[in-house]
Amino acid sequence: MSQIGPQPGQPAPDFTLPVTGGGEITLSALRGGPVVLFFYPRDDTPGCTKESIGFSERLSEFAESGVQVFGISRDSMDKHDRFASKHALTVPLLSDTDGAVTEAYEVWVEKNMYGKKSMGIERATYLIDATGKIAQVWRKVKVPGHVDAVLDAVRGA
């Protein structure tokens with residue numbers, strides 16, 4: 001089975017996206033410290049809400065390790081702002097409305113649910129090292145225990 005998306009040791013695809021709270025984030029401008037990008041399908045769905053709350057609850061622990069964490073979906077900034085406000089999320093959310101970043105990371109995939117095929121974001125997380133290279137990849141993420149696994153990887157790195 002072939003690997004999809006950027007792999008460990010490869011440069012992380014750069015991007016500039018709007019972020020909750022205002023402004024923009026450019027990935028290459030964050031070099032010098034590790035970054036976690038978690039891609040999730042949609043704001044305010046059960047799994048995405050649990051995952052975003054999980055990263056928010058542990059954000060200070062990531063920060064203690066010098067790591068910045070960002071959630072990315074194709075939802076609009078308005079939706080992100082409502083989602084963040086409704087669930088008191090502290091993790092910054094990035095809006096990839098045109099899909100360029102989800103395509104670059106190859107997380108925009110065909111999904112098959114109950115026999116219906118559709119395109120959507122595959123839940124995936126990328127740990128990017130201080131030099132801008134992919135350090136670790138989690139694809140087809142299951143939410144329970146995932147934030148702990150990423151935090152363990154960060155602390156062990």
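This is a guided tour of a predicted model, stop by stop, with something to select at each one.

**First stop: the largest nonpolar core.** Select Val36, Phe55, Phe62, Val69, Val91, Val150 and Val154, which, of the 22 residues in the largest nonpolar core, are the ones that touch the most other members. Now colour β3 (35-39), α1 (46-57), α2 (59-64), α3 (77-86) and α5 (146-156), since each of these elements supplies at least two residues of this core. The largest share comes from α5, which provides five residues. As background while you look, nonpolar side chains in soluble globular proteins tend to be buried together.

**Second stop: Val150.** Keep Val150 selected and show its surroundings: leaving out residues up to four places away in sequence, Val150 touches Val36, Phe55, Phe62, Thr125 and Trp138. Then move to a second core, separate from the largest one, which has 21 residues, among them Ala12, Ile25, Leu27 and Leu37.

**Third stop: the pair α1 and α5.** Show these two helices alone, and ask how they are oriented to each other. Their axes are 9 Å apart, and the helices pack at an angle of about 40°. An angle that is neither under 35 degrees, nor over 145, nor from 65 to 115 counts as oblique, and α1 and α5 are therefore oblique to each other. If you turn the view to look through one helix at the other, the crossing of α1 and α5 is right-handed. To see where they meet, select Glu51, Gly54 and Phe55 in α1 together with His146, Val147 and Val150 in α5. The residues of this contact divide into three nonpolar, two polar and one charged.

**Fourth stop: Glu24.** Select Glu24, which is placed in strand β2 (residues 24-26). Is Glu24 buried or exposed? Its relative accessibility is 59%, and because the cut-off for exposed is over 50%, Glu24 counts as exposed. Apart from neighbours within four places in sequence, Glu24 is in contact with Thr16, Leu17, Pro18 and Val19. If you draw a distance from the C-alpha atom of Glu24 to that of Ser95, which is 71 residues apart from it along the chain, you should read 9.7 Å.

**Last stop: His80.** Finish in helix α3, where His80 lies. With a relative accessible area of 0%, His80 is buried. Setting aside neighbours within four places in sequence, the residues in contact with His80 are Thr20, Tyr40, Asp43, Ser73, Asp75, Leu93, Leu94 and Ser95. A distance drawn between the C-alpha atoms of His80 and Leu30, 50 residues apart along the chain, comes to 22 Å.

Conventions
Residues are numbered from 1 along each chain as its sequence is written. This is a predicted model: local features need pLDDT of at least 70, side-chain atom pairs count only at pLDDT 80 or more; totals for chains, interfaces and linings use all residues. Side-chain values use heavy atoms; hydrogens and water are left out. A nonpolar core is a set of buried Ala, Val, Leu, Ile, Met, Phe, Trp, Tyr and Cys residues joined through side-chain atoms within 4.5 Å. Buried means under 20% relative accessible area, exposed over 50%, partly exposed in between (1.4 Å probe, protein chains only). Helices (H or I, at least four residues) and strands (E, at least two) are DSSP runs, numbered from the N terminus. Contact means heavy atoms within 4.5 Å. Axes are lines fitted to C-alpha atoms, for helices over the stretch in contact, and angles run from 0 to 180 degrees between N-to-C directions. A crossing is left-handed if the near helix is turned anticlockwise from the far one by less than a right angle, and right-handed if clockwise. Ala, Val, Leu, Ile, Met, Phe, Trp, Tyr, Cys and Pro count as nonpolar, Asp, Glu, Lys and Arg as charged, and the others, Gly among them, as polar.
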